[in-house]
Each structure stands twice: as C-alpha cells, then as structure tokens.
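Visitor: Got a minute to walk me through this one? I'd like to poke at a few spots.

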Amino acid sequence: RMKKLVIFGLGELAELADFFFTNDSPYEVVAFTVDGKYLDKDKFRGRPVVAFESLFASYPADEYSLFITIGYVRLNSIRRAKFDHAKQLGYKMASYISSKTHYWEGMDIGENSIIMEANIIQPFSKIGDNVIIWNNSVISHHVEIKNHCFIASGAVICGGVVIGEESFLGVNCTIREHVKIGDQNLIGAGALVLHDTLNGSAYLSKATERAEIPINRIWLML
C-alpha cells in the first residue's frame with residue numbers, strides 16, 4: 001500500500017520532489033500546500049493545492065506524511081522554521097534517497113531529507129533532519145551532516161568531517177578530513193577548507209570574494 005504524501009511548495013524543488021517521490025519511492029503524492037498568502041492556484045501538477053493553515057483539516061497528520069521543499073534562503077532558516085512548525089502539528093516528515101545514488105543500506109538519515117542522483121556516501125556517515133544533498137557529491141566515511149543543511153552539486157567532504165547546523169556548501173567545494181564546519185556557515189563555490197571554521201561565517205574562494213553576504217565574518221580561502 002502506497003504511503004500518502006503532501007508536498008509543501010510550488011516551485012522547481014517541489015516539482016523535482018514530486019518527480020522523485022512519484023517515480024522512485026513508496027510514496028504517492030496526493031496534494032501540495034503553501035502558506036495561504038502565497039496560494040494563487042487550486043491545482044499544481046494535476047493535484048490539489050491547499051493553504052498550509054488549513055492542511056490538517058483536509059490531510060490530517062495521522063494519515064498523511066509531509067515533505068517541505070524550501071531551499072537555502074537565509075542559510076536554511078526558513079526551511080527549518082517550517083519543518084519545526086510541521087513537527088509541532090504532528091506530521092511525520094518523509095525522506096528520499098535516490099536509487100541512482102550509491103550508499104550502504106542502513107545509513108542513518110533523518111526526516112525531511114533528500115539525497116539526489118549520483119552521490120557517493122560511504123559507511124558510518126550520518127545525515128540529519130531537513131538536509132538537501134544535490135547530485136554528484138562525495139561524502140566520505142564517518143561524516144556527520146547536522147540538521148537543516150544544504151549540500152550543492154559536486155561537493156567533496158572528506159572522512160570524519162562534521163558539518164554544523166544550517167550550513168550551506170557551494171558547488172565543487174572541498175572540505176579536508178576531520179575538519180569541523182561551524183553552524184550557519186556559507187562555504188562558497190570552489191572553496192577549499194583546510195581548518196575548522198567559526199560559527200556564523202562565510203568562507204569563499206577568491207573567484208567569489210566580491211559577493212555581498214550578510215554574515216558576521218568573511219574569510220577568503222586563497
């Protein structure tokens with residue numbers, strides 16, 4: 001029997017989630033939901049759209065799971081807030097691991113996490129709640145990715161690394177073995193991180209050093 005799933009969101013990530021869950025999971029996507037102030041249509045991808053404020057009445061938590069598709073806006077804090085709200089309402093959050101990614105059965109993965117195609121995840125790694133891992137990344141052994149993180153395509157995370165909560169790792173960045181990435185970090189595209197990082201900081205490659213980023217400290221990885 002297929003599990004019933006409601007997806008929060010109406011953007012591109014919601015479309016991707018619908019495709020993945022429909023074609024590669026035991027879930028059946030039955031509806032979409034957004035905050036009422038953003039509700040401008042009653043159908044999306046052929047399924048009903050309901051206001052999140054009234055979701056429980058139509059799709060109660062004891063019968064339906066939920067998956068939230070919000071990206072890395074404000075270093076994942078918006079997605080975290082919606083995740084926490086849904087949990088308070090009693091919803092079980094679905095997770096998805098692509099059948100086209102390489103990992104070992106029994107991997108420790110939290111709720112509302114999505115791992116897309118062509119990733120390599122070695123044994124003894126742990127993926128927290130509300131984590132997005134895009135495609136073609138390498139996550140080595142004994143890595144811990146804490147809650148509410150976003151890992152962009154092509155990241156290389158070496159063995160024993162810990163990624164702090166609400167952090168964003170950009171395209172093709174590399175984290176050296178046994179480094180600890182602080183909470184709410186932004187690791188820019190192509191950055192090479194060789195040492196532990198501070199909480200609330202951005203670490204950028206020289207190519208992106210002119211980016212305007214509202215974080216307390218900016219370090220340039222040369």
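Guide: What follows is a quick tour by question and answer.

Visitor: Ground rules before we start?

Guide: This is a predicted model, so local features need pLDDT of at least 70 and side-chain atom pairs count only at pLDDT 80 or more, while totals for chains, interfaces and linings use all residues. Residues are numbered from 1 along each chain as its sequence is written, and side-chain values use heavy atoms, with hydrogens and water left out.

Visitor: Okay, strand 2. Buried or exposed, for the most part?

Guide: Seven of the eight residues of strand 2 are buried, so the rest of the structure largely encloses it. Buried means under 20% relative accessible area, exposed over 50%, and partly exposed in between, with a 1.4 Å probe and protein chains only. Strands here are DSSP E runs of at least two residues and helices are H or I runs of at least four, numbered from the N terminus.

Visitor: In which sense does strand 1 pair with strand 2?

Guide: Parallel, over six bridges. Two strands pair if DSSP finds at least two bridges between them. In strand 2, Glu28 is the bridge partner of Lys4. The chain gets from strand 1 to strand 2 through helix 1 (residues 12–24), and this β-α-β crossover is right-handed. That is, with the strands pointing away from the viewer, the path from the first strand over the helix to the second runs clockwise.

Visitor: And how does strand 2 sit with strand 4?

Guide: Strand 2 (residues 27–34) and strand 4 are also a parallel pair, over three bridges. Phe32 has Val49 as its bridge partner in strand 4, and Val34 has Ala51. Strand 4 (residues 47–51) is mostly covered, with four of its five residues buried.

Visitor: What about strand 3 and strand 4, which sense is that?

Guide: Antiparallel: strand 3 (residues 43–44) and strand 4 pair over two bridges, and Lys43 is matched with Pro48. Their hairpin has two residues between the strands, and Arg45 there takes a positive phi near 50°.

Visitor: Where else does a residue other than glycine have a positive phi?

Guide: Leu75 is one of them, with phi near 50°. Most residues other than glycine have a negative phi. Leu75 is in the loop between strand 5 and helix 3 and counts as buried at 16% relative accessibility. Ala118 has a positive phi too, about 65°; Ala118 lies in the loop between strand 8 (114–115) and strand 9 and is partly exposed, with a relative accessible area of 36%.

Visitor: Moving on to helix 3. How far apart are its end C-alpha atoms?

Guide: They are 16 Å apart, which agrees with the 16 Å that the twelve residues of helix 3 (residues 77–88) should span at 1.5 Å a residue. The expected span is 1.5 Å times one less than the number of residues.

Visitor: Which of the helix 3 residues are buried?

Guide: Arg79, Lys82, Phe83 and Ala86. Seen down the axis of helix 3, those buried residues fall within an arc of 105°, so they line one face of the helix. The arc is that of the directions from the helix axis to the C-beta atoms.

Visitor: What covers them?

Guide: The cover includes strand 1 (3–8), strand 5 (65–68), strand 11 (132–133) and strand 14 (150–151), where contact means heavy atoms within 4.5 Å. Phe8, found in strand 1, is in contact with Lys82, and also with Val34 and Leu66, among others. Phe8 is buried, with a relative accessible area of 6%.

Visitor: Now the open sheet. What's the strand order?

Guide: Five strands in the order 9-12-15-18-21, with parallel pairing. Strand 9 (120–121) and strand 21 (192–193) stand at the edges with a single partner strand each, so one side of each is left without a neighbour in the sheet. Strand 12 (residues 138–139) and strand 15 (residues 156–157) pair over two bridges, and Val138 stands opposite Val156.

Visitor: Last one, Thr197. What does its side chain make a polar contact with?

Guide: The side chain of Asn185, at 2.5 Å. A polar contact is a pair of N or O atoms within 3.5 Å; within protein, one must be able to donate a hydrogen and the other to accept it, and residues adjacent in sequence count only if both atoms are side-chain atoms. Thr197 is in the loop between strand 21 and strand 22 (201–205) and is buried, with a relative accessible area of 10%.

Conventions:
Lists of a residue's contacts leave out its neighbours within four places in sequence.
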